[in-house]
Amino acid sequence: MLEKIIELTNEYIESMPKKERKKYGQFFTSMETARFMASLYNIDEKKSKVSVLDAGAGSGILSCAFIERLETIDSIQKIELTCYENDNNVLQLLKRNLEYCKEKSGKKIVINIIEDNYILSQYLDFNHMIGGNDNPRKYDFVIGNPPYMKIPKDAPEATAMPEVCYGAPNLYFIFASMGLFNLCEDGEMVYIIPRSWTSGAYFKRFREYFLTVGKLEHIHLFVSRSKVFDKESVLQETIIIKVRKTVKTPETVTITSSQSNSDFGEITSLTVPYDLVVAGEDYYVYLVTDENEVEVLRKLHKFDKTLPAIGVKMKTGLTVDFRNREILRDEEEEGAIPLFYSQHIKQGKVEFPIQKEHEYVVTEQKGLMQDNKNYLFVKRFTAKEEPRRLQCGVYLAKRFPQYKKISTQNKINFVDGVLTEMSECLVYGLYVLFNSTLYDEYYRILNGSTQVNSTEINAMPVPDLEDIQEMGRKVLKSRDYSEANCNLILEGYCGEEDRRNKGISANNRYA
């Protein structure tokens, strides 16, 4: 059944320019992916009737894969299938494909194709507004490959769902939110979506809604970014998620991974405690792939502070150089101050000058200047193939006494004291954290991109202020600033945290 649908879809892809399909964020699921997604559902074999929703149905690949799965369950006699699709280019193909499935199936299939805008046709219901349906239709199962498309903040779909939208919205997570809303209580939803929602500020509202109303049961990761969608050139970190609509938190999440969309026979599988995968007040989702990464989370989640909680904060560099060309200088002159770039971060230190162009700026703009005081500089961008994602350098004001002000280019981040200047010990203690293997691995688990995001760094668990300062004293005393020595110093405090926690639990036992 599905082979025929794929064949017809491939003909459509070849006839319809990618530019045209991109207008709708339209990328089609491979046959293997569709079958894998359909296999993830737990279907009660005592049921005789099921209802399923496929929003943004495209050519019906996922619907067909789901019907194929139901064909193997004798007790199910009737399938009520609802598809949303409003792209006129693909509608005829969808209707033709679903009719083909209906003819080939041994079940009674009732098909309902809704040609409205999926979000706008239901937003009154979602927001419990006047004019909405008090008892909207709910489905046993939701399956989806939603459109992947950024939309303006004031787009109708974004303003229709303010509960989940913040910053720069994307249709995929708006669809996922509505999909969860459309589920029956205890119903199951399987979606293939980008991984970008798992961390960061833009997706916080979505995560809060999605992971409160529903709970993750299964996450599937693709090792290759470029082999997820057939016939498409899509470089997208894509994952498959299975979510149950429930307030009850499961004990574990299953995380599987495969190389691409065609080798689901070679899957690695891991069962991870739920509170390690979904953690913190920001509901970050940690996509671990092996026991080593699980251990990284176990160690760091024992720390209960964050950078802002200990009085420091990561910020992004102030000067966008290409927008301020008139203030850039290649050489020092009267009134010029240093402009620090990521290239100035070298082997844990900040070196200046390095005979780079535009190393100085002459400006009166307060927003482009910062006090010459102690900082930890961290590169914002690294190459995918580089061994470390977190690359930092200690900046000490005493090394540049001739300047009252400095500036930082916006491709670096810097950690700064919020109320008071950071001591040398504190800067070096933070260096121990950022230069350790443990924190680098942690950040890679949290964020699949090559960008170091200040929002995510500020949410990272860190030790107490006193412990970080003590780490700084130790690394200064040793004069060994290597990653190996930072690991050794940090490991001592991870063990100490274990002992403290055991002491607390022992005290509680005898209280």
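**Exercise 1.** Which residue of S9 does Thr 256 stand opposite?

*Solution.* The model is predicted, so the source's thresholds come at the outset: local features need pLDDT of at least 70, side-chain atom pairs count only at pLDDT 80 or more, and totals for chains, interfaces and linings use all residues. Residues are numbered from 1 along each chain as its sequence is written, and side-chain values use heavy atoms, with hydrogens and water left out.

Step 1. Strands (E, at least two residues) and helices (H or I, at least four) are DSSP runs, numbered from the N terminus. Two strands pair if DSSP finds at least two bridges between them.

Step 2. Six bridges connect S8 with S9, in the antiparallel sense.

Step 3. Opposite Thr 256 in S9 stands Ser 269.

**Exercise 2.** Describe how S8 (residues 252–258) is joined to S6 (residues 214–222), and state how enclosed S8 is.

*Solution.* Step 1. S6 and S8 run parallel and are joined by five bridges.

Step 2. Ile 219 has Ile 255 of S8 opposite, and His 220 has Thr 256 of S8 as its bridge partner.

Step 3. Buried means under 20% relative accessible area, exposed over 50%, and partly exposed in between, with a 1.4 Å probe and protein chains only. Five of the seven residues of S8 are buried, so the strand is largely enclosed by the rest of the structure.

**Exercise 3.** Place these strands in their sheet and identify its edges.

*Solution.* Step 1. The sheet is open, has nine strands with mixed pairing, and follows the order S3-S2-S1-S4-S5-S7-S6-S8-S9.

Step 2. S3 (108–114) and S9 (268–273) are the edges; each has a single partner strand, so one side of each lacks a neighbour in the sheet.

Step 3. Axes are lines fitted to C-alpha atoms, for helices over the stretch in contact, and angles run from 0 to 180 degrees between N-to-C directions. With direction ignored, neighbouring strands of this sheet are turned by 15 degrees against each other on average.

Step 4. Helix H3 (residues 31–39) lies across S4, S5, S6, S7 and S8, and runs at about 155 degrees to S5.

**Exercise 4.** Characterise the packing of H11 (residues 291–300) against H13 (residues 437–446).

*Solution.* Step 1. The two axes, of H11 and H13, come within 10 Å and cross at roughly 110 degrees.

Step 2. Angles under 35 degrees count as roughly parallel, over 145 as roughly antiparallel, 65 to 115 as roughly perpendicular and the rest as oblique. H11 and H13 are therefore roughly perpendicular to each other.

Step 3. Contact means heavy atoms within 4.5 Å. Residues of H11 including Val 296, Leu 297 and Leu 300 meet residues of H13 including Leu 438, Tyr 442 and Ile 445.

**Exercise 5.** How many disulfides does the count come to?

*Solution.* Step 1. A disulfide is a pair of cysteine sulfur atoms within 2.5 Å. The count comes to zero.

Step 2. For Cys 64, the nearest cysteine sulfur is that of Cys 101, 3.3 Å away, and Cys 64 is in no disulfide. Cys 64 counts as buried, because its relative accessibility is 0%.

Step 3. Cys 392 is likewise in no disulfide; the nearest cysteine sulfur, in Cys 486, is 7.7 Å away. Cys 392 counts as buried at 5% relative accessibility.
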